[in-house]
Each structure stands twice: as C-alpha cells, then as structure tokens.
Amino acid sequence: MNEEAVTRFGQSLRGTLIARNHPGYDDIRKLYNAMIDKRPLLIARCADVADVIAAVNFGREQNLPIAIRGGGHSGPGFGSVDDGLVIDLSMMKGVRVDPATSTVRVAPGCTSGDVDHATHAFGLAVPFGIVSTTGVSGLTLGGGSGHLTRKYGLTIDNLLEADVVLADGRFVTASATSNADLLWALRGGGGNFGVVTSFLFSAHPVRTVFGGPMAWPQSHAKAIMRAYRDFLPSAPEALGLLIGLKLVPENSPFPEAFWKHAICLLVACYDGPEGEAKQALAPLLAGLPAPALDWTGMMPYPALQSLFDGLYQKGLQWYWRGNFIKELSDKAIDVHLEQAARVPSDLSLMHLYPVDGAAHRIDKRDTAWSARDATWSMVIAGVGRDPGQAAAVTQWAKAYAGALRPFGLAGGYSNFMMDDEGDARVKATYGDNYARLAAIKKTYDPANLFRVNQNIRPAA
Ligand SMILES: Cc1cc2nc3c(=O)[nH]c(=O)nc-3n(C[C@H](O)[C@H](O)[C@H](O)COP(=O)(O)OP(=O)(O)OC[C@H]3O[C@@H](n4cnc5c(N)ncnc54)[C@H](O)[C@@H]3O)c2cc1C
C-alpha cells in the first residue's frame, strides 16, 4: 500500500481510520462470531456518506479486498476481511420516523433494536429478526424474517428505497422509479451491489403484543412438531410462531432444575390483545400437554424483540447452516429428533421461522429473494461458549443440515449460509432469479469489487 495515499485517505475522513498499530485495533476488528478472526489492513469507521465514497474509491484504487460492515453479525464474518479494507458503518446511526406516511428512514449502522426503539414511540414497527443486536443492513439485504413476517412480510417486502454508493464511487438512489433494477436486487441479493448508506422502510401499527416462549420436554417433540405443522396453515397471520429444538441454557433466568434438559419450544408473537391471542393458539395448545415453561404474556413489541439478546451476546462460537423448507413430513420430524438428540452444547439450536402468510403474496420474480414457496426458513446453529466447543458445534450443524437436505427446497436463506457451501448453493438459493442478479451485478459492479459476501458473479 502507498503510505502517502493511506495518510491522505485518513485525513479526508470525518470518521476514523484504524490501522494495525492503533491501540483499539484488536477490539474494533472483533466480530459478533468469535469463531472468525480476521485481520484487516485498515478499518474505515465512516461518519457519513462522503466517508463511504472516499473509502470505496480508496479501496478500489489501491486494489484492496473490501468488506462492508453493518452490525457485524454475519456468521461467516463477511463484515471483515483479511489484509483488506473494512468499510465500517457502525458509527452511522440515526432513525427518522415519519408518522404521517408510516415510513422510517434508517442509517446503515443501526441495529434492529435502534429502529424498534425509535418506531415504538409512534406505535409503529418494521418487521426485522428476533435478536435486536443484529444489524439492519445485512439482515435487510439478505431478506429478513422474524416475528411479524406472517402478517407484514419479510423486511425486504417493506423496503421502499435505498441510497447506495456504487463500486465506481457514484451515489445513486434505488426506488420504484429510479434504478428499479437495483432495488429489486437489494431485496435479498445481499451486499453485492454497493454500500447502502440509507434505507427507507414502510412501518406498521404494532405496539403491544402477546408473545414469548413456551417449552415442553423433547419427549413430546414428535407430537408437537406434527400438531404445529398441521396448525400453521390455518393460523391467523397476526400470529407469528416459530418452533425450535434445543437444551435449556445453563443460565439465569432459567430454573436450575431444567438446565440442559432437551426441549421443544414455540415462540409466539400475536399482534393483538391477549384474549384474541389465546383464541388463536387454542386449537394447537388444546391437543398438547401443558408446557413445562411458559413465559408468554403481553409485552411491548421491543421487549419481545430483545428477549434473547442476553442469551446470545457477542463473543460466542457460531457455525450455522440454513435450508428452505416447504413441507415438514413425519420422516423429516424423525430426522430432526435423531439429530437434535446429539446437540453438543446448551446454546445450540434448530429453529424453523415461518415465511408464509404475507411473504407468500409476493411473486418470486418480484424480489431477488425467490423462496416464496417456502413455508419455513430453517436454521441449525451450532453455538459454543468457548473455542474448545468450536469443532463439536460445527460438526453437529453440518451433520444435522446434511441429514435434512433431502427434505428441503434447493437453497437456504443466504443470511444463514457459511462461506464453505460453494457457488452452487448460492445459485440454488436464488433459483431462476440468479441470471437477473448476475446481469444487474454486471451493470453496477462489473469488476466484482464487492465480493466478500454470498457472491453473485457478474454475468459474462
Ligand atoms: C444472533 C443472531 C440472530 C439472528 N436472527 C435472525 C432473524 O431472526 N432473522 C433473520 O432474517 N436473520 C437473522 N440473523 C442473520 C442476520 O440476518 C445476518 O447475520 C445478517 O447478515 C447480519 O447483518 P449485519 O449487518 O449485522 O452483519 P454484517 O456482518 O455487518 O454484514 C452482513 C453482510 O451484509 C453486507 N452488508 C452489511 N451492511 C451493508 C451495507 N450497508 N451495504 C451493503 N452491504 C452491507 C456485508 O458485506 C455482509 O456481506 C441472525 C443472526 C444472528 C447472529
């Protein structure tokens, strides 16, 4: 690297340029997933769009590999890169809620918790994921599923507009009327097309919800999974209901008597009053034994959104795999139970997130995310508390996902993919939309400058 160019670049920023000799370097480069340990040459902590433009131009001119970092939650650590430049957006915070139009303008360093906090004051919410420390940027660009998906769609179904710094340093806005092809690609195509510096979302009236987890001993899991599968298609869309298999964590607030007990859990989110929620759940719960743990109740929506934050703090060891699932057959349930019984740690989990309801009303050609026929986005996350568990959680997640592959659709959610699954898996995920994505990539990033991601290669 040209030292003079580095100095000039650093001086041009409103934010801070962190090199390897900076005292904070080791702390600042840390990612959410402690299994990933990358050593970038430079981290540009951008303060504004001008900084982002300068960083993109510098990285391109110096021929450096570039990583874009929003919330830093990527499983494979795509928010950083060895021996390259990190464009770190985490200092770019800011949320502006417009109650008159029910829209929200979000800066790229925001977590979903930042946005939930701001919108809640107006009785509004944007559908995001289920852990509030996750970055809005990466979550949105991959698709975004969570408690409100059945009622209000994926996060991308609520993305109206995005400002983007392109590979050549140009700044454009992508909307229905301007660079519409780019907006289409950003709705699920990940960080392939440029650095998004602002998102505009539509928001919905959500204030207090009935929600939380219920758990049964895993010995009941077969019956619960079958009943849940049969119940979901007729459940009102106001009811978000994920199902999971895991152990009870060895943590407060879980009663010690239950620690490490294998459980099947349902996490509910009903957007409406308690009476209605209980009525909606009754056809399912009537046929099941009473749960061993029941922490459901009325709560402010941001409380539900941050319920699991304490359990899954930064610094754990993560390895995950995802599959899109259309049908949950009896045979697939049996495989789940065999694999779940081998879980290597208390924090590891299998979750099935419903992506039906409102998300099914969008045609698969209307957004880059093409899995509009999937009923669930499944994640198998091997999670360890320390590096000694890394190998075991990795092997478990790979074996579990591999055993279920015959029961899934061709692809999996790009945000639940690691970097060792190959191009064929990325292509399978986008299906018939891949060719269009590759053509748009060629238009906006022909040299594949933005390739530290689930990469879509520019069309030939
Ligand atoms: C604990 C946990 C819970 C999760 N729960 C859910 C969930 O409920 N639902 C769900 O859908 N997903 C969930 N995820 C997955 C999550 O959506 C992805 O990990 C997502 O990529 C995180 O985004 P980020 O901005 O935090 O990550 P980062 O690591 O910063 O970035 C992820 C990717 O997005 C790109 N990127 C980031 N910012 C920008 C930008 N502004 N412009 C262009 N590209 C950018 C990066 O280059 C990288 O490829 C969860 C993840 C974790 C760790």
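Trainee: What makes the pair formed by Gly135 and an oxygen atom of the ligand a polar contact?

Mentor: A backbone N or O atom of Gly135 lies 2.9 Å from an oxygen atom of the ligand. A polar contact is a pair of N or O atoms within 3.5 Å (within protein, one must be able to donate a hydrogen and the other to accept it, and residues adjacent in sequence count only if both atoms are side-chain atoms), so this pair qualifies. Keep in mind that this is a predicted model, in which local features need pLDDT of at least 70 and side-chain atom pairs count only at pLDDT 80 or more, while totals for chains, interfaces and linings use all residues. Residues are numbered from 1 along each chain as its sequence is written, and side-chain values use heavy atoms, with hydrogens and water left out.

Trainee: Which polar side-chain atom lies 3.2 Å from an oxygen atom of the ligand?

Mentor: That atom belongs to Asn415, and Ile130 also makes a contact, with a backbone N or O atom 2.9 Å from a ligand oxygen.

Trainee: How do you know how much of the ligand the protein buries?

Mentor: Accessible areas come from the Shrake-Rupley method with a 1.4 Å probe (for residues, only the protein chains shown count as cover). Taken alone the ligand exposes 960 Å², and the protein buries 97% of that.

Trainee: Which elements give two or more residues to the shell around the ligand?

Mentor: They are strand 3 (66-69), helix 5 (136-142), strand 10 (195-202) and strand 17 (317-325), where helices (H or I, at least four residues) and strands (E, at least two) are DSSP runs numbered from the N terminus. Helix 5 provides the largest share, four residues. There are 34 residues around the ligand, and Gly70, Gly71, Gly72, Ser145 and Tyr413 come nearest; a residue is near a molecule or strand if one of its heavy atoms lies within 4 Å of it.

Trainee: What makes strand 5 and strand 9 edge strands?

Mentor: Five strands form an open antiparallel sheet in the order 5-6-10-8-9, and strand 5 (95-98) and strand 9 (171-174) each pair on one side only. Neighbouring strands of this sheet are turned by 15° against each other on average, direction ignored.

Trainee: How do you know that strand 8 and strand 10 pair?

Mentor: Two strands pair if DSSP finds at least two bridges between them, and six bridges join strand 8 (residues 159-165) to strand 10, so the condition is met. Within this antiparallel pair, Val164 stands opposite Val196 in strand 10.

Trainee: Why is helix 4 said to touch this sheet?

Mentor: Contact means heavy atoms within 4.5 Å, so helix 4 (residues 112-120) touches strand 5 and strand 6 (103-106) in that sense. The direction of helix 4 makes about 35° with that of strand 5; axes are lines fitted to C-alpha atoms, for helices over the stretch in contact, and angles run from 0 to 180 degrees between N-to-C directions.

Trainee: In what order do the four strands of the open sheet with mixed pairing stand?

Mentor: Their order is 1-2-4-3, with strand 1 (16-19) and strand 3 at the edges, and the twist averages 20° from one strand to the next. Strand 1 and strand 2 (residues 42-45) pair in the antiparallel sense over four bridges, and Ile18 has Ile43 in strand 2 as its bridge partner.

Trainee: Where is Pro253, and which bond joins Ser252 to it?

Mentor: Pro253 sits in the loop between strand 13 (239-247) and strand 14 (262-270), and the bond is a cis peptide bond with omega of about 10°.
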